[in-house]
Amino acid sequence: MAAELWRVAGVLAAALVVGAAVGHVLLALWLATLAYLGAHLWSLARVRRWLADGRGIYPPPAWGLWDELLELIFRLRQRSRSRKRRLAGLLERFRDAAAAMPDAAVVLRDTGEIEWLNEAAARLLGLRAPQDFGRRIHNLVRHPAFVRYLEGGEWAEPVEIPSPVDDAVQLSVQLIVYGDNQRLLIARDVTRLKKLEAMRRDFVANVSHELRTPVTVLVGYLEALEEDETCARRWSRPLALMREQAARMRRIVDDLLMLSRLETEDAAHRPRLREAVDVPALLARIVAEARALSGPRRHRISLDAEQGLGLLGNESELASAFSNLVVNAVQYTPEGGEIRVRWWHDAAGAHLAVSDTGIGIAPEHIPRLTERFYRVDVARSRATGGTGLGLAIVKHVLARHEATLSVESVQGQGSTFRCDFPPERIARPDAAGDGRRGAGGG
Ligand code: ADP
């Protein structure tokens with residue numbers, strides 16, 4: 001910049017000298033200024049052409065300040081070019097990686113039009129690139145469950161559909177929202193997994209089925225032997241133990257059979273779960289059984305059920321689920337404790353709560369209670385005749401009734417197991433009973 005100022009000063013001084021020599025100082029100064037300005041304008045025009053043209057990499061030759069300026073612009077351009085090249089390379093590598101993925105990946109606009117897809121998407125979903133770019137995926141993959149999933153807006157969990165290309169291939173499809181309302185659809189081939197799952201299910205079902213008759217026969221004969229007066233006395237204790245364990249085996253087999261039936265029917269279409277169940281009557285029966293089970297342990301068991309509030313569902317499944325909760329409350333509550341069973345409805349739906357003042361459950365166990373054979377205290381569960389399958393059954397039954405199970409518990413103080421049914425499940429076999437509340441004594 002200083003050089004430029006010296007240059008201006010030089011031009012003006014030369015004009016002064018020449019002007020003084022010829023006797024036209026002002027005219028000389030004016031002409032010199034004009035020439036200086038003209039030279040700048042000319043350079044400016046060249047720079048503009050070079051920038052607008054964009055073809056020539058190297059700047060045109062220039063003088064003074066322009067040379068510096070062009071050099072700076074040139075360097076900036078070089079830097080942005082190499083950055084662009086790097087980014088393009090990176091993008092290319094990402095695309096290659098996505099294309100090579102074994103899972104199908106489809107990039108969608110928020111309205112569902114396809115923007116990009118990889119090879120696996122072509123193979124698994126029958127989409128074509130680039131012919132299908134810009135077309136809505138709803139029109140190309142038309143499975144009703146898939147369309148419902150896309151339009152439902154709940155994408156935290158995947159949906160399973162058969163592949164549109166091959167019915168025998170099962171896909172697990174999930175939509176992921178990222179960036180600026182962009183969507184990524186991922187589809188995985190889960191055929192093998194499904195087959196293994198079905199094999200495991202069949203195996204458990206077959207084994208339990210095969211075991212059921214032998215175990216029933218054993219229990220029957222053991223019971224008969226125990227009651228047999230002619231049997232030697234020294235056998236009475238071993239016989240009682242044998243009968244107890246055989247009965248436990250039968251309960252496990254029964255629970256396993258029930259679970260595998262629930263699972264198989266889950267996998268196929270849900271059975272008719274639409275009979276109206278009189279829940280207050282069902283609960284009254286369960287509570288009566290619980291009092292009998294409590295026997296000398298004298299729990300205070302109360303039932304507070306909204307009369308006339310029924311459920312659309314399967315009575316024997318609901319009976320098994322509710323009974324499991326109430327029986328657990330009795331088994332895990334010390335003598336004389338209190339157990340409350342409540343059944344009511346509000347705007348959110350119908351609710352069952354089974355509370356006890358029992359041993360409670362430490363927080364780290366709560367999320368795992370519904371796993372098969374999960375028991376906080378294995379010895380205690382065995383001693384009370386538990387199978388570790390009760391809550392797994394509860395969870396399955398509730399899922400089939402679109403209901404959820406929640407557990408609140410404080411160790412040493414007690415637990416509340418709560419089932420929440422959606423309002424659509426409420427049935428009122430006796431419309432006149434709406435809203436009346438009745439309480440069974442405790
Ligand atoms: P189990 O046949 O062993 O009772 P469940 O599946 O019914 O099996 O329950 C799993 C575990 O959850 C039980 O072993 C027990 O540790 C715990 N549990 C269930 N209900 C209660 C309760 N009301 N109070 C305390 N612990 C409970």
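Here are some friendly questions and answers about this predicted model.

Q: Into which domains is the protein chain divided?
A: Let's start with the overall layout of this predicted model. Going along the chain, the division gives domain 1 (2-96), domain 2 (101-189), domain 3 (196-264) and domain 4 (275-438).

Q: How many residues of domain 4 are in contact with domain 3?
A: The centres of domain 3 and domain 4, taken over C-alpha atoms, are 25 Å apart. On the domain 3 side, eleven residues take part in the contact. Their counterparts in domain 4 number 15 residues.

Q: Which three residues supply more than any other three of the area that domain 3 buries against domain 4?
A: Between domain 3 and domain 4 about 1200 Å² is buried, and carbon and sulfur atoms give 63% of that area. On the domain 3 side, three residues together supply 46% of what this domain buries against domain 4. They are Arg248, Leu259 and Leu262.

Q: Which residue forms a salt bridge with Arg261?
A: Two salt bridges are counted between domain 3 and domain 4. A salt bridge here needs a side-chain nitrogen of Lys or Arg within 4 Å of a carboxyl oxygen of Asp or Glu. For Arg261, the closest N and O atoms are 4.0 Å apart, and the partner is Glu317.

Q: Which helix gives the largest share of the side of domain 3 that touches domain 4?
A: Across the interface of domain 3 and domain 4, three residue pairs are in polar contact. Ten residues of the domain 3 side come from one helix, spanning residues 236-267. That helix is H7.

Q: How many residues of the side of domain 3 that touches domain 4 are charged?
A: We can sort this side of domain 3 by residue class. Five residues are nonpolar and no polar ones are found. The charged residues number six.

Q: Why is one side of S6 and of S13 left without a neighbour in the sheet?
A: Three strands form an open antiparallel sheet in the order S6-S8-S13. Strand S6 (275-277) and strand S13 (426-427) therefore each have one side without a neighbour, because they stand at the edges, each with a single partner strand.

Q: What is the bridge partner of Glu275 in S8?
A: S6 pairs with strand S8 (residues 310-313) in the antiparallel sense, over three bridges. Within that pairing, Glu275 has its bridge partner in S8, namely Gly313.

Q: Is the peptide bond from Ala129 to Pro130 cis or trans?
A: Most peptide bonds are trans. Pro130 lies in the loop between helix H4 (119-125) and helix H5 (144-152). The bond from Ala129 to Pro130 has omega near 0°, and it is cis.

Q: What phi does Phe373 have?
A: Most residues other than glycine have a negative phi. Phe373 sits in the loop between strand S10 (349-356) and helix H10 (378-383). Although Phe373 is not a glycine, its phi is positive, at about 60°.

Q: Which helix holds both Arg75 and Glu71?
A: The salt bridge count comes to 19, and the side chains of Arg75 and Glu71 meet in a salt bridge at 3.7 Å, N to O. The two residues are four residues apart, about one turn of the helix. The helix, covering residues 64-100, is H3.

Q: Which residue takes a positive phi in the hairpin of S1 and S2?
A: Strand S1 (residues 104-108) and strand S2 (residues 114-117) run antiparallel and are joined by three bridges. Leu108 has Ile114 as its bridge partner in S2. Five residues lie between the strands of this hairpin, and the one with a positive phi, near 100°, is Gly112.

Q: Which residue in S5 stands opposite Tyr178?
A: Strand S4 (residues 170-178) pairs with strand S3 (residues 159-162) in the antiparallel sense over four bridges. Eight bridges join S4 to strand S5 (residues 182-189), again antiparallel. S4 and S5 form a hairpin with three residues between them, and Gly179 in the turn has a positive phi of about 50°. Opposite Tyr178, in S5, stands Gln182.

Definitions and conventions: Residues numbered from 1 in each chain as written. Predicted model: local features only at pLDDT ≥ 70, side-chain atom pairs only at ≥ 80, totals over all residues. Heavy atoms only, no water. Domains from an automatic or database assignment. Contact = heavy atoms within 4.5 Å. Buried area = accessible area lost by both parts, 1.4 Å probe. Polar contact = N/O pair within 3.5 Å; in protein donor to acceptor, adjacent residues only side chain to side chain. Nonpolar A, V, L, I, M, F, W, Y, C, P; charged D, E, K, R; others polar. Pairing = 2+ DSSP bridges.
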